[in-house]
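Ready for some practice in reading a protein model? Work through the exercises below with the structure open beside you, and try each task before you look at its solution.

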Amino acid sequence: MRELGHRLGDGPVVEPPTEPSGGSDAVLRADMHRERHAALGAEVHPEAALFASTLARAVAENPAPERDSGPAVAFPAEPALVHDRDNRVVRANDALAELAGAADTAALVGARMHRLLVGPDQDTELVRADGSRVPVRAVRWPLPGVGLTAVVVLERDAAPVVDPVWVTELERLARIGTWSFDLATSSLERSGTLEELYSAVGVDPDAGCRPIEGEQVSALCGELRAGNTAADHHVELHLPGDGMLSCRAQVERGADGAPLRLIGVVHDVSAERIARFRTERAGRRFADLMALVPGGVALLDPAGRVVDANGGMCELLDVPLERLRGTSAAALSADDAPAGAPALPEWLRQVPPGARHGYRVDSAPLRRADGTTVWCELAVAVTAADDGGWFWLVACTDVSDRRRAAELLRSVGTVDELTRLPNRAAGLELVDRLLAGPGRDRVAVVCGDLDDFARVNSSLGHDAGDDLLVSLAGRLQRELPFGCTAARLGADEFVVICADHSEVGGPDLLARTVADLLRTTITVHGRPVQMTASVGLATPVPTGDVRAADLLRFAEAAMHDAKRRQARGGIGIATDGVVSSATKALELEAELRAAIAGDGLVLDYQPVVGPDGTVLSAEALVRWPHPERGLIPPADFLPVAQRSGLLRELDLWVLRAATREAAAWPEHRGRRCAVAVNLAGLLPGDAAFRTAVSDAVSDAGLEWDRLVLELVETSLVALPPHALAAMAELTERGVRFAVDDFGTGYSSLARLKELPAQTVKVDRAFVTGIADDPADFAVARAVVDMARAMGRTTVAEGVETAEQFHVLRGIGVDAYQGWLFSRPVRSTGVREVLARGRLATPASAGRMRAV
């Protein structure tokens, strides 16, 4: 007992009755009254609240083996049970068995909650064994950490029976304590459970100038003086960490309404507070996640009504959330259910709770706000509700485009796995069918190839490239005119097949439409990518038997012609000239491939001489003596090799042939002549570059220092580390690298210092006018000066006159190559040149330029 009157500075606020009524019964009633308000609110039965709290504490403290059949704690007198996460009863008391008409409590174990209690907790009905129903009210309390829930079932308006000893024990287990302040004696009394609670949370209630309850006592006394008959006071005491005590106090009155005492309850709500914060955070995370999900997600109650949905679902159905809530699943379904059909559509069926019991529906029609149908793939599962019930969780993905493509494929054949468009075979079959019909003259085929698509794969990755192709395929499907079908030929190439081009404004307008659809900006992995495409158009010729493969080939030829003539976004028409040129190029490609494989090529060599005519090296020049067409110039077959991806194979052939032939060349003036090989397809960045060069040199038996590899400047800029390492190893063995055609851009001079090459070849474009054009002379001299300063040698290409030779010699060029000294000759001619000695050089300078 503690006296508070002298500490608070005031005496009794009212005259107490002569014989205070109540004793322990009055205090108990007051405790139960404040428990109803303080712990769980005015609508919760006090015994139910205390039972649930006790059960929670008991479960948390029991060892694991005892939890299988429910917590080891005495049930209250009222009907009560415990159920698990699957809403199955795991324990019940005799009072519940009697109320339910069950033979014993064992008959209730395993029962489903939704079959035992029907309706909301405040207005539910208990289903008895004989099928009759009893109006009851259910109080639930989740038991932390064990996945169990305690439930007390109260008959409506039934008077509670209170056992003070049981209530005290439950208070202790539920971490609730009480105090009372006698208004007549100004004395404060704490229950034993409150003392234990203060000690457990580390609070000294008498550490300050007045007891910890003094604030509430003072506040309520002030309310009574002010005439406030409904005085009530609540305060929250924050503990270290996330702990908190909920302290609520009110006035107890006697039978005549006079104030008798102040009573208070202190509840440790730390666990509830932490759980609430976690629930709130989880709710916010769930809401954020649902906002980011691109598809639609909806929660439906057991009656099939929409409870909530994310923005994706609202967008999918074009319905605002406030209108979508409460809508039945049957109303969402676009299938017209026959009379007498179940209230729920067939795609919504009962499953046990948990995602592992979910199911998928490949395609279901849903009705949009405007009455149109959207076909969706559905993933359905059942999830638990906060009140112990359940919801359907339905995720929707729009598959309308995919369905349209599938319908097309049922009649056409196969499908492209990535874009779900018809593939090449399916497209050809469709074109053949159209060409066999009466409207063959109005059929049109448009091929489209994305410009510089490789940059997307190399910079953003192949996944990004795939996403872009899927987006473009969807764009074609959605926006092509009626009567047009899109297909994917492979890689980044699409084809549009039009059954009647007169319906879309003619073939030219069709080609422009396809080009415009493939010219767009698409956001891929958060980055906008600007895309264009070169397209080619082909229509059947008036006469002759044209098949689908021919028409597609003509369109592709026109597309490649457009790429060749225009930088990006070009449109080509399959004219006779274009088709003929493409056919010849195709034939030439096949013949070139065979020539490389069958050693059908030959090499000419042009000597590179020093100022005194000594042959320093010879550059290998590939030639193609065609058995029927005669000698084909490199200008004709090198572009074919580039377009068909044969440059690497061509380089390998030249490298092997040149090293093999050069190994047999004789000595020249006491030294052996080197051979220079131009590389355009086999580059240092190639993973097999070092191996290919090493194998060629070793197989030929050529000395390492007799090989010069010539590459254009762009092939030597910004090389990756592995390429630089391969070049460094070859250089250490004796191989030299030369920069071919250097000087075509003056800005290239700034890169000279960084290029990993020992020789610089001055481009013939500057050599031609070096004796007459001041600009050519200035560029050539700058290149030579910079090369000399950096320890590199220089070779001038295309030297044809004595005047050019003397000017180049005057500015310090180290070696010369051109018709002035020798035309290209075969390997036998090189041996003859080397055997004769020095080549002749001009004897006098002629017209010299000042240096």
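**Exercise 1. Find the residue in strand 22 that stands opposite V524, then describe the hairpin around this pair.**

Step 1. V524 faces R527 of strand 22. Strands here are DSSP runs of E with at least two residues, while helices are runs of H or I with at least four, and both are numbered from the N terminus. This is a predicted model, in which local features need pLDDT of at least 70 and side-chain atom pairs count only at pLDDT 80 or more, whereas totals for chains, interfaces and linings use all residues. Residues are numbered from 1 along each chain as its sequence is written, and side-chain values use heavy atoms, with hydrogens and water left out.

Step 2. Strand 21 (residues 520-524) and strand 22 (residues 527-531) run antiparallel and are joined by five bridges; two strands pair if DSSP finds at least two bridges between them. T521 has Q530 as its bridge partner in strand 22.

Step 3. Two residues lie between the strands of this hairpin, and H525 takes a positive phi near 55°.

Step 4. Now look at the faces of strand 21: T520, I522 and V524 point to one face and are buried, while T521 and T523 point to the other and are not. Buried means under 20% relative accessible area, exposed over 50%, and partly exposed in between, using a 1.4 Å probe and protein chains only. In a regular strand, side chains alternate between the two faces of the sheet.

**Exercise 2. Decide whether E619 and E155 are buried, partly exposed or exposed.**

Step 1. E619 is in strand 26 (residues 615-626). Its relative accessibility is 5%, so E619 counts as buried.

Step 2. The side chain of E619 makes a polar contact with that of K761 at 3.1 Å. Such a contact is a pair of N or O atoms within 3.5 Å; within protein, one must be able to donate a hydrogen and the other to accept it, and residues adjacent in sequence count only if both atoms are side-chain atoms.

Step 3. E155 is in strand 7 (residues 148-155). E155 is partly exposed because its relative accessible area is 43%.

Step 4. Beyond its neighbours within four places in sequence, E155 is in contact (heavy atoms within 4.5 Å) with L99, V134, P135 and V136.

**Exercise 3. Which residues have the most contacts inside the largest nonpolar core, and which helix gives the largest share of this core?**

Step 1. A nonpolar core is a set of buried Ala, Val, Leu, Ile, Met, Phe, Trp, Tyr and Cys residues joined through side-chain atoms within 4.5 Å. The largest one has 79 residues, and L707 and L709 have the most contacts inside it.

Step 2. Helix 21 supplies the largest share, nine residues. The buried residues of helix 21 include L650, W653 and A657.

Step 3. Helix 21 (residues 647-662) reaches 22 Å from its first C-alpha to its last, close to the 22 Å expected at 1.5 Å a residue.

Step 4. Setting aside neighbours within four places in sequence, the contacts of L709 include L655, F689 and F737.

**Exercise 4. Where does the pLDDT stay under 50?**

Step 1. The predictor's confidence in each residue is its pLDDT, from 0 to 100. The protein averages 81, and 82% of the residues score at least 70.

Step 2. Over residues 1-49 the pLDDT is below 50, and over residues 55-72 it stays under 50.

Step 3. Where pLDDT is low, the predicted coordinates should not be read in detail.

Terms used
Expected span 1.5 Å × (residues − 1).
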